[in-house]
2 protein chains.
Amino acid sequence: MNAPQPTPRFRPDDATVTAITAELQKRFGDRVVTNLAVRRQHGHTLTWIENQPPDVVVYPQTTAEVSEMVRLCAAHGMPLIPFGAGTSLEGHVNAPYGGVSVDTSRMKRIIAVHAEDLDCVAEPGVTRKELNEHLRDLGLFFPIDPGADVSLAAMAGTPASCTNAVRYGTMKDNVLALTVVLPNGDVIRTARRAKKSSAGYDLTRLFIGSEGTLGVITEITLKLHGIPEAVSAGVCPFPSIRAACEAVIVTIQSAITVARIEFLDEMQVRASNLYSKLSLPETPTLFLEFHGSDANVREQAERFGEIAVEYGGGPFEWATKAEDRTRLWQARHDAYWSAFTLRPGAKITATDVCVPISRLAECVEETRRDIDASGLVAAIVGHVGDGNFHVSLLVDTDDAGEVARTEAFIGRLVERALAMEGTCTGEHGVGQKKMKYLEAEHGPEALDLMRALKRAVDPHNIMNPGKIVAL
Amino acid sequence: MNAPQPTPRFRPDDATVTAITAELQKRFGDRVVTNLAVRRQHGHTLTWIENQPPDVVVYPQTTAEVSEMVRLCAAHGMPLIPFGAGTSLEGHVNAPYGGVSVDTSRMKRIIAVHAEDLDCVAEPGVTRKELNEHLRDLGLFFPIDPGADVSLAAMAGTPASCTNAVRYGTMKDNVLALTVVLPNGDVIRTARRAKKSSAGYDLTRLFIGSEGTLGVITEITLKLHGIPEAVSAGVCPFPSIRAACEAVIVTIQSAITVARIEFLDEMQVRASNLYSKLSLPETPTLFLEFHGSDANVREQAERFGEIAVEYGGGPFEWATKAEDRTRLWQARHDAYWSAFTLRPGAKITATDVCVPISRLAECVEETRRDIDASGLVAAIVGHVGDGNFHVSLLVDTDDAGEVARTEAFIGRLVERALAMEGTCTGEHGVGQKKMKYLEAEHGPEALDLMRALKRAVDPHNIMNPGKIVAL
């Protein structure tokens with residue numbers, strides 16, 4: 001790529017910050033906040049990364065307001081950091097060069113639900129739970145469910161996926177269109193509401209997963225699904241990591257359309273037992289869910305049961321009652337929080353990788369051995385139907401040696417995934433922490449291409465600078 | 001976007017063409033062809049667009065060879081036009097500025113099939129039929145099926161979708177990764193083989209649907225599916241376009257997982273009866289296919305049958321025998337060719353639009369009325385589960401008045417689709433013929449962004465110039 005070098009990124013001087021803050025206050029009044037607690041909260045990530053607060057936080061309410069603040073900042077080279085619900089795990093919302101945190105949490109309108117078309121249009125501050133509550137009476141739901149009650153904007157930015165992805169895909173598959181404020185303040189809509197299009201470059205996908213580095217998402221058009229006639233869930237213990245993973249591979253190959261198939265290693269089961277008051281045997285375990293008609297769900301579950309037995313698993317226990325199902329999935333969603341029970345007082349750092357499913361057993365087993373050999377405390381959970389798993393590490397951050405061992409472990413985990421044709425992150429995103437692995441994953445030429453894209457869209461490097469390609 | 005202006009595109013002078021041709025011949029011998037018949041065949045599209053042949057056709061066999069020829073051309077500003085199987089419908093492979101047609105039809109290796117991971121890696125010249133023949137013994141298949149036996153490269157370039165998309169998605173959903181030769185000759189791989197990744201910008205999707213304007217695709221990693229245990233297909237006549245479309249909407253909403261749900265209007269049924277020796281009642285008709293377990297397929301088909309009756313459709317007739325099924329879908333795939341029977345001697349121009357499914361009945365009805373009122377001869381077929389339909393117009397191209405009326409009709413069709421939040425093309429792509437509609441569809445700012453992307457990836461505008469954003 002022969003594009004010009006990017007504008008070097010620097011922190012705007014105090015006078016500029018003061019002037020822009022005053023401008024913003026004149027225009028947006030008390031929706032402009034400068035107190036340190038709020039600013040620190042906007043540099044917050046669910047991890048151990050050092051907090052780098054923005055200079056100012058603004059709460060826009062409309063696309064036009066976002067455009068206005070972007071134009072103001074662009075004119076003075078002031079960084080902008082789009083902010084959703086603060087559930088980032090890799091330092092996406094830190095402000096290493098200061099700037100304005102654009103908190104879209106007050107953009108909460110569900111603009112339209114098109115039941116016949118199975119889609120809806122919502123503002124970025126709507127959370128997935130709010131959306132699903134709104135949809136329930138219409139018999140519809142939005143399947144992407146990253147555990148935490150994150151905002152749709154953050155889900156599109158990362159791109160999120162999580163437990164239902166094995167059946168319904170990730171945000172990459174479920175966003176039809178976006179309204180985006182570009183770094184020059186222009187407002188675009190990336191696509192129409194038609195389910196398919198081949199009318200030019202795929203702008204929707206350009207922004208999904210761009211982590212706020214290319215623009216601010218201000219409206220999202222999502223695909224919806226009919227609430228399935230029947231939902232059933234169950235738990236199945238296995239004698240080993242490998243047995244559980246092999247059962248997953250055969251299940252996927254058999255075209256059994258599991259809606260969720262989640263792996264918990266022994267440590268995670270222990271944590272979930274403690275935190276969520278379950279009483280599961282402490283052994284590698286799968287949580288499953290099936291969606292469909294009554295007959296179909298039964299048939300699929302029976303076929304899975306047979307596969308589990310073949311790999312030494314079982315008994316496969318059904319949670320037939322809705323409240324048991326809820327309890328089960330709540331426990332899965334609380335995996336992040338439950339990990340703290342393994343080492344009270346420690347800080348957590350959660351990381352994820354994704355490998356082709358044929359390499360999953362090997363990758364998880366090696367990772368477990370690596371954790372144990374490194375003397376670290378960690379639980380493994382995974383969206384194993386996609387080959388994606390997470391390691392939640394409990395770390396005493398006051399112990400520099402342990403921090404160093406943890407960093408080294410994460411490096412080896414990524415290296416292991418890459419050696420298996422996998423990726424350094426399946427769904428957490430790059431943020432600040434995974435930038436250093438991108439060249440090994442993509443090669444220098446592809447990384448140059450990413451830089452060229454960033455420069456083309458954001459030539460003055462004002463959108464969430466210091467992330468992904470780190471211009 | 002403030003990116004610099006593109007290099008103005010011009011046809012290279014004769015001396016340059018001669019020198020580059022000589023260089024290519026020295027390197028690639030008789031795989032460099034300059035005779036007019038072959039060159040014209042490489043400017044060929046299945047449409048009435050004027051043929052604009054390239055200066056020279058080259059048949060590379062490896063990624064490294066493609067890289068070498070791209071570097072050579074780049075050094076002299078010589079255009080390159082990636083060529084697959086020549087099935088373009090909108091003038092994608094025309095060479096308005098001359099240049100080198102890069103014909104990847106001899107890159108035919110299926111490099112790897114990973115049955116456990118349900119993916120494979122293939123070269124771009126492999127056609128979908130060749131791929132499926134290779135996969136059959138493994139119990140796997142690749143579902144995207146655009147009727148014609150097109151190359152995988154062309155399918156990724158467009159992006160193709162067609163009959164199975166309602167269940168399996170389009171190429172956008174089924175390509176895991178690409179190897180691409182960039183306009184500077186660099187070779188990149190857009191992603192790893194993991195099923196999910198959030199490691200940076202989505203380079204895969206950047207190239208899918210880019211119609212050869214950003215690089216040459218030289219390897220494709222595709223998602224595969226297990227061949228379903230049971231497949232059943234059937235035909236269902238309806239009293240009106242609206243009744244058929246309403247039945248489709250309810251079917252999709254009911255989460256009946258049809259694998260194919262295809263609409264043929266009265267004229268298309270007549271054409272298919274004539275061409276494919278069927279004896280269907282000449283009325284709006286749906287062709288359907290269900291994939292699943294025996295029990296599941298039966299259950300879905302029964303549920304569809306009930307819906308059809310509600311909308312006055314039926315009888316819903318099953319093609320239980322494999323040969324009847326094949327005959328049915330062959331007839332559907334031959335729709336393009338069958339249309340000629342409606343007006344022997346005429347030329348065909350096929351166009352497509354896609355609208356939200358709630359607007360489908362209205363859009364197809366208005367379009368049918370418009371065809372009739374314009375005194376044109378045309379058949380309508382559609383992948384109606386996605387709101388996507390095609391009009392095959394039979395035109396006497398010697399009649400300037402009729403040509404003008406046809407062009408005007410296409411303009412109204414696009415306008416109608418856009419007014420219904422649809423797109424000017426669901427799957428045929430932009431090529432030369434739909435460029436003029438992109439601004440109305442996307443707005444000037446989004447189109448500027450597309451131009452900025454093109455400039456960033458191809459600053460000297462050598463890749464398939466004069467297409468999509470027309471730099």
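This is a conversation about how some labels on a predicted model follow from its computed values.

Trainee: How many disulfides does the structure hold over all chains?

Mentor: Zero. A disulfide needs two cysteine sulfur atoms within 2.5 Å.

Trainee: How do you know that Cys236(A) is not bonded to Cys245(A)?

Mentor: Compare the distance with the cut-off. The sulfur of Cys236(A) has its closest cysteine sulfur in Cys245(A), at 13 Å. The limit is 2.5 Å, so that pair is too far for a bond.

Trainee: And what rules out a bond from Cys245(A) to Cys363(A)?

Mentor: The same kind of test. For Cys245(A) the closest cysteine sulfur belongs to Cys363(A), 9.5 Å away. That is too far for a bond.

Trainee: Why is Cys236(A) called buried?

Mentor: Buried means under 20% relative accessible area. Cys236(A) has 0%, so the label fits. Cys245(A) has 1%, so Cys245(A) is buried too.

Trainee: Where is Ala154(A), and why is it called partly exposed?

Mentor: Ala154(A) sits in helix 5 of chain A, residues 152-157. Its relative accessibility is 24%. Buried stops under 20% and exposed starts over 50%, so Ala154(A) counts as partly exposed. The C-alpha of Ala154(A) is 8.8 Å from that of Pro82(A), with their places 72 residues apart along the chain.

Trainee: Which class does Gly185(A) fall into, buried or exposed?

Mentor: Gly185(A) has 0% relative accessibility, so it counts as buried. The residue is in the loop between strand 8 (175-181) and strand 9 (187-189) of chain A.

Trainee: What does Gly185(A) contact beyond its neighbours within four places in sequence?

Mentor: Gly185(A) is in contact with Ser67(A), Val70(A) and Arg71(A). Val66(A) is 119 residues from Gly185(A) in sequence, but their C-alpha atoms are 7.9 Å apart.

Trainee: On to charges. What makes Arg260(A) and Glu289(A) a salt bridge?

Mentor: The N to O distance is 3.4 Å. The rule asks for a side-chain nitrogen of Lys or Arg within 4 Å of a carboxyl oxygen of Asp or Glu, so the pair qualifies.

Trainee: Which parts does that pair tie together?

Mentor: Arg260(A) lies in strand 13 (residues 258-264) of chain A, and Glu289(A) in strand 14 (residues 285-292) of chain A. The two are 29 residues apart in sequence, so the bridge ties those parts together. Both residues are buried.

Trainee: How many salt bridges does the rule give over all chains?

Mentor: The count is 66. Another one joins Arg416(B) and Glu366(B), with the closest N and O atoms 3.4 Å apart. Arg416(B) is in helix 15 (residues 400-419) of chain B and Glu366(B) in helix 14 (residues 360-373) of chain B, 50 residues apart.

Trainee: Why do Arg416(B) and Glu366(B) get their burial labels?

Mentor: Arg416(B) has 13% relative accessibility, under the 20% limit, so it counts as buried. Glu366(B) has 29%, so it counts as partly exposed.

Trainee: Why are Asp448(B) and Arg451(B) said to be about one helical turn apart?

Mentor: Because they are three residues apart in helix 17 (residues 444-457) of chain B. Their salt bridge has its closest N and O atoms 3.0 Å apart. Asp448(B), at 32%, is partly exposed. Arg451(B), at 24%, is partly exposed. Elsewhere, salt bridges with shared partners join Asp117(A), Asp119(A), Arg193(A) and Glu421(B) into one network.

Trainee: Why are helix 1 and helix 3 of chain A called roughly antiparallel?

Mentor: Their axes cross at roughly 160° and come within 11 Å. Angles over 145 degrees count as roughly antiparallel, so the label follows. The crossing is right-handed. The residues that meet include Ile20(A) and Leu24(A) in helix 1 of chain A, and Met69(A) and Leu72(A) in helix 3 of chain A.

Trainee: What makes helix 14 and helix 15 of chain A roughly antiparallel?

Mentor: The crossing angle is roughly 165°, with the axes within 11 Å. The threshold is 145 degrees, so these helices are roughly antiparallel. Their crossing is right-handed. Among the contact residues are Cys363(A) and Glu366(A) of helix 14 of chain A, and Phe409(A) and Arg416(A) of helix 15 of chain A.

Key. Residues are numbered from 1 along each chain as its sequence is written. Chains are lettered from A and ligands numbered from 1 in the order in which they are written. This is a predicted model: local features need pLDDT of at least 70, side-chain atom pairs count only at pLDDT 80 or more; totals for chains, interfaces and linings use all residues. Side-chain values use heavy atoms; hydrogens and water are left out. Buried means under 20% relative accessible area, exposed over 50%, partly exposed in between (1.4 Å probe, protein chains only). Helices (H or I, at least four residues) and strands (E, at least two) are DSSP runs, numbered from the N terminus. Axes are lines fitted to C-alpha atoms, for helices over the stretch in contact, and angles run from 0 to 180 degrees between N-to-C directions. Angles under 35 degrees count as roughly parallel, over 145 as roughly antiparallel, 65 to 115 as roughly perpendicular and the rest as oblique. A crossing is left-handed if the near helix is turned anticlockwise from the far one by less than a right angle, and right-handed if clockwise. Contact means heavy atoms within 4.5 Å.
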